[in-house]
Amino acid sequence: MSTVTPLSWLWEWPHWVPTLLPGLGVALLLTVISCGIGYPLGFLLALMTEARSKPLKWTALVLVEVGRGIPILVLLFVVYQGLPSVGILFDALPSACIAFVWSAAAYSAEMIRVSIGTVPRGQSDASYALSMSRFDTYRYIVLPQAARISIPPLVSLTITMFHATSLASVITVSELMHIAYQQGAIYFNYMTVFTAAAVIYLVITVPAAIFADRLSKRLGGVTSVRQTAFRRRRTPAPIVTGI
Amino acid sequence: MEEALGLIAAATGITLLLTVVSGAIGLVLAAPLVLLSQSRQPVLRLAYTTFVHIVRGVPALVWLFIIFFGMAELNVVIPAMPAAIVALGVIATASMAEIYRGGLNAIHFGQYEAGWALSLSRFSVTKDIVFPQLLRAVSPTVATYFVGLLKDSALASIIGVGEITYVTGQQVELHGNGLTLYAFAGVLYLVMSIPLGVLSRSVHSRITRRYAVV
């Protein structure tokens, strides 16, 4: 379009926000599904990696390490383009859900496992000394403390998962970036449309990130003796990358 | 089949190149950036926070598209590979700066005070007291970030950089066999991230041994 001046995207992007909003809905839906199913699964996987039975432990370890070690983009392709070669076919949206749930489960499993490990050994020793069962020790002593530690990283992970849903556009799920790319290709106004998309992501993510920061500051200092000894300064929420 | 696997394995170099170059950009540029967050001027601190929040608040894919497709529309045509490096590099800069800031915050203020009490210069306090502890505090996180970056580099396939994921996609279209080929690509990523983890652990323990601070 010859009428487009190089800087027009600066003021034209708000026009595209309504077009992109249905995509935001899909992105949020994907986030809720992947975290809603992924985190409980991650909790199970975390418990399995601590299990005494070898097969259980190794299954969990493989699921977690593969989920964390492979780019989510490759996971998406494995489910969407790989599984059909052995006769298992999913539509784009279920494929994306499977890949994201796997990823969320693997990352959260590791975070929950680490949180459980952070609870001082003396806590469970004391509980066993009071002749509490293994189950009761976990249920009433270890897990409540671990939950507190694992909340800030899980909030950060949720933000990362929300960002990761943009990748579903690659396998034609019509979420935010897919719509943005299509519109950009039709009207050749990529800059305008992508700016609108970026603003939508920012509006959701920045408040969430600030919330995560606050939360990690509030919850972080309590259980760790090392941190309370230090002068109180803002501690950034943990960084989750490379999904 | 062997030919396809060979081509995919050969693309490892591009993946590593993307990871190392954008990671190095992040490591270096984050250092001056994090200084802003330590400034006495509220304006500079605000500039830091704004930059970091905006860069990290937008998904990598959006940055990649803005730099690759968006800039082209403004008549600044950037080829795929540099576009990917710039996008990943900018994101790495913001993330590394946050990692450095976390490391700085973990250093007890008493460390500075003790240094000044011994009448060390500001420079000496930074170089001999703060820096070694910072190095020790951030090295595991930086290593984790590099592993993350390795996986993020797969994004470059979307704009056509011929790295592992891109070549795998091509080969799957040619030969089918999607599961085998993507599984192979996945194994390549896993194999590359394991040495990074081992290396980071050895670097971390070396730093800890050299500067025995608890």
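**Figure 1. The one cavity in the predicted model.** The structure holds 1 cavity of 30 Å³ or more, and this is a predicted model throughout. Its volume comes out at about 30 Å³. If you want to pick out the wall, select B:A60, B:L64, B:A84, B:A87, B:L88, B:D152, B:L155 and B:A156, which line the cavity. Two helices of chain B, α4 and α5, each give two or more residues to that lining. The largest share comes from α5(B), with 3 residues. Sorted by class, the lining has 7 nonpolar residues, no polar ones and 1 charged.

**Figure 2. Chain B on its own.** Chain B has 9 helices and 0 strands. Walk along the sequence and the pattern reads α-α-α-α-α-α-α-α-α. Along its principal axes, the C-alpha trace of chain B spans about 70 × 45 × 20 Å.

**Figure 3. Where chain B meets chain A.** Here 44 residues of chain B are in contact with 51 residues of chain A. The size of an interface is often given as the accessible area lost when the parts come together. For chain B and chain A, the buried area is about 4,100 Å², and carbon and sulfur atoms give 71% of it. Three residues to label are B:E73, B:K151 and B:Y182: they supply 16% of the area that chain B buries against chain A, more than any other three residues.

**Figure 4. Polar contacts and helices at the interface.** How many salt bridges does the rule find across the interface of chain B and chain A? The count there is 0. Polar contacts do turn up, with 9 residue pairs across the interface of chain B and chain A, both partners at pLDDT 80 or more. On the side of chain B that touches chain A, the elements giving two or more residues are α3 (42–57), α4 (60–73), α5 (80–105), α7 (122–152), α8 (164–175) and α9 (178–210) of chain B. Of these, α4(B) gives the most, with 8 residues. By class, this side of chain B has 23 nonpolar, 15 polar and 6 charged residues. Helices α4 and α5 of chain B also showed up in the cavity view, as contributors of two or more residues to the lining.

**Figure 5. A salt bridge inside chain A.** Over all chains the count comes to 5 salt bridges, and this view zooms in on one of them. Side chains of opposite charge can pair when their charged atoms come close. In this close-up, the side chains of A:R121 and A:D125 meet in a salt bridge, at 3.5 Å from N to O. Where do A:R121 and A:D125 lie? Both are in helix α6 (residues 121–129) of chain A, 4 residues apart, or about one turn of the helix.

Technical notes: Residues are numbered from 1 along each chain as its sequence is written. Chains are lettered from A and ligands numbered from 1 in the order in which they are written. Side-chain values use heavy atoms; hydrogens and water are left out. Contact means heavy atoms within 4.5 Å. Buried area is the accessible area (1.4 Å probe) that two parts lose on being put together, summed over both. A salt bridge is a side-chain nitrogen of Lys or Arg within 4 Å of a carboxyl oxygen of Asp or Glu. A polar contact is a pair of N or O atoms within 3.5 Å; within protein, one must be able to donate a hydrogen and the other to accept it, and residues adjacent in sequence count only if both atoms are side-chain atoms. Ala, Val, Leu, Ile, Met, Phe, Trp, Tyr, Cys and Pro count as nonpolar, Asp, Glu, Lys and Arg as charged, and the others, Gly among them, as polar. On a 1 Å grid over the protein atoms alone, a cavity is a set of points where a 1.4 Å probe fits but cannot get out, and a pocket is an open set with protein on both sides within 12 Å along at least five of seven lines; lining residues have an atom within 4 Å of a point. Grid points are joined across faces, edges and corners, and a volume is the space filled by probe spheres set on the points.
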